[in-house]
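Student: I have a structure open and would like to learn how to read it. Could you take me through it step by step?

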Amino acid sequence: HHVGVGVMNSKNKPPLTAAERRHVSAIKEMPCVVCDSVGPSEAHEPEQGMWFIAMPLCPECHRGAHGWHGDRQRWKLRKMTELAAINETLRRMA
């Protein structure tokens with residue numbers, strides 16, 4: 001689940017609310033929470049529709065062969081879990 005340049009909506013996903021859009025826009029401006037690559041980032045939702053705990057990921061850490069939707073090697077090398085990434089995202093926003 002990701003938001004790149006535009007918001008990607010699948011047919012079975014409700015459109016983002018105004019508050020979700022604002023939050024996702026802020027997330028996408030952040031550096032990648034896994035490797036710190038400079039933004040813009042993609043917003044990864046841990047579960048469909050959970051935009052308020054989305055995290056910023058670069059394309060490689062998100063959709064790359066070694067990213068979240070791949071073998072997750074980039075995450076394993078940095079000892080990063082999805083929960084830790086959510087926590088770090090929220091810490092950086094505070």
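Student: In what order do the elements of the chain run from the N terminus on?

Tutor: Start at the N terminus and note each helix or strand as you pass it. In this predicted model, the order is β-α-β-β-α-α-α. That gives 4 helices and 3 strands.

Student: How much of the chain counts as buried?

Tutor: Of its 94 residues, 41% are counted as buried. The accessible surface is about 5500 Å², and carbon and sulfur atoms make up 58% of that area.

Student: What share of the contacts joins residues 24 or more positions apart?

Tutor: Look at contacts with a separation of 6 or more: residues at least 24 positions apart account for 50% of them.

Student: Let's pick one helix. How far apart are the end C-alpha atoms of α4, and what span should we expect?

Tutor: Helix α4 covers residues 82–93, which is 12 residues. At 1.5 Å a residue it should span 16 Å, and its end C-alpha atoms are 17 Å apart, so the two agree.

Student: Which residues of α4 are buried?

Tutor: Here is the general idea: an α-helix has 3.6 residues a turn, so residues three or four places apart point the same way. Now the case at hand: E82, A85, I86, E88 and T89 are buried in α4. Viewed down the helix axis, these buried residues fall within an arc of 165°, so they line one face of α4.

Student: And which residues are exposed on the other side of α4?

Tutor: Those are L83, N87 and R91.

Student: What do the buried residues of α4 pack against?

Tutor: Their partners are two helices and two strands, listed here with their residues: α1 (18–29), β2 (42–44), β3 (55–57) and α3 (73–77).

Student: Is R92 buried, exposed or partly exposed?

Tutor: R92, which sits in helix α4, has a relative accessible area of 28%. Buried means under 20% and exposed means over 50%, so R92 is partly exposed.

Student: Which residues does R92 touch, leaving aside those up to four places away in sequence?

Tutor: R92 touches M30, P31, C32, V33 and D36. Take V33: it is 59 residues from R92 along the chain, yet their C-alpha atoms are separated by 9.1 Å.

Student: Which residues form the nonpolar patch on the surface?

Tutor: M50, I53, L90 and M93 form it, with about 290 Å² of accessible area together. M50 belongs to the loop between β2 and β3 and is partly exposed, at a relative accessible area of 34%.

Note on methods. Residues are numbered from 1 along each chain as its sequence is written. This is a predicted model: local features need pLDDT of at least 70, side-chain atom pairs count only at pLDDT 80 or more; totals for chains, interfaces and linings use all residues. Side-chain values use heavy atoms; hydrogens and water are left out. The expected span of a helix is 1.5 Å times one less than its number of residues. Buried means under 20% relative accessible area, exposed over 50%, partly exposed in between (1.4 Å probe, protein chains only). The arc is that of the directions from the helix axis to the C-beta atoms. Contact means heavy atoms within 4.5 Å. Accessible areas come from the Shrake-Rupley method with a 1.4 Å probe; for residues, only the protein chains shown count as cover. Patches are made of residues with over 30% relative accessible area and no salt bridge: like charges are joined within 9 Å, nonpolar side chains (Val, Leu, Ile, Met, Phe, Trp, Tyr) within 5 Å. A salt bridge is a side-chain nitrogen of Lys or Arg within 4 Å of a carboxyl oxygen of Asp or Glu.
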